[in-house]
Amino acid sequence: MPAMDTMDVERESAQTPDVTLFRLKGPFVLGTMFELQATLREPSLKGVIIDLSQVPYIDSAGLGVLLGHWSHTQRRGFKFALVGMSPRV
């Protein structure tokens, strides 16, 4: 059986104040979603951009994290954007 997939999450401040950019690298699946999910729940986090350009695959668990955070931002009036999605994602 192959080793469990991993996903690296790089975090940096975006050019816009109160916006954080997350660059994801690797498959965004049930086994890799927990780090990003926990980070997105930080109370100090406001606007978010998630770069998916290096994500080859996303499953329903990863999609659930994105939709859950989108819902959170809608309720709070924060910005949320996904960028760099491949046709498969």
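This is a short tour of a predicted model, starting at the sheet and ending just past helix α2.

**The sheet**

Select the strands first. Four of them form an open sheet, ordered β1-β2-β3-β4, with mixed pairing. The edges are β1 and β4, each of which pairs on one side only. Ignoring direction, neighbouring strands of this sheet are turned against each other by 20 degrees on average. Strands of a sheet pair through backbone hydrogen bonds, in either the parallel or the antiparallel sense.

**The β1-β2 hairpin**

Next, select residues 8-13 and 19-25. These are β1 and β2, and they pair in the antiparallel sense over six bridges. To step along the pairing, show Glu 10 with its bridge partner in β2, Arg 23. Then show Arg 11, whose bridge partner in β2 is Phe 22.

Move to the connection. Five residues lie between the strands of this hairpin. Select Asp 18 there and read its backbone torsions: its phi is positive, near 65 degrees.

**Helix α2**

Now select residues 60-76, which make up helix α2. What distance separates its end C-alpha atoms? They are 24 Å apart, which agrees with the 24 Å that 17 residues should span at 1.5 Å a residue.

Orient the view so that β3 and β4 are behind the helix. α2 lies across both strands and runs at about 145 degrees to β4.

Which residues of α2 are buried? Colour Gly 62, Val 65, Leu 66, His 69 and Thr 73. These buried residues cover an arc of only 90 degrees around the axis, so they sit on the same side of α2. To see what they pack against, add α1 (34-40), β3 (47-54) and β4 (80-83) to the display.

Turn to the opposite face. Ser 60 and Arg 75 are exposed residues carried on the face of α2 turned away from its buried side.

**The two ends of α2**

Zoom in on the start of the helix and show Asp 59 with its side chain. One of its side-chain oxygens reaches to within 3.0 Å of the backbone nitrogen of Ala 61.

Finally, go to the other end and select Gly 77, just after α2. Its phi is positive, at about 80 degrees. For a last view, keep Gly 77 and Asp 18 selected together: Gly 77 has a positive phi just after α2, and Asp 18 has one in the hairpin of β1 and β2.

Notes. Residues numbered from 1 in each chain as written. Predicted model: local features only at pLDDT ≥ 70, side-chain atom pairs only at ≥ 80, totals over all residues. Heavy atoms only, no water. Helix = DSSP H or I, 4+ residues; strand = E, 2+ residues; numbered from the N terminus. Expected span 1.5 Å × (residues − 1). Buried < 20%, exposed > 50% of the residue type's maximum accessible area, 1.4 Å probe, protein only. Arc of directions from axis to C-beta. Contact = heavy atoms within 4.5 Å. Polar contact = N/O pair within 3.5 Å; in protein donor to acceptor, adjacent residues only side chain to side chain. Pairing = 2+ DSSP bridges. Axes fitted to C-alpha atoms, helices over the stretch in contact; angles between N-to-C directions.
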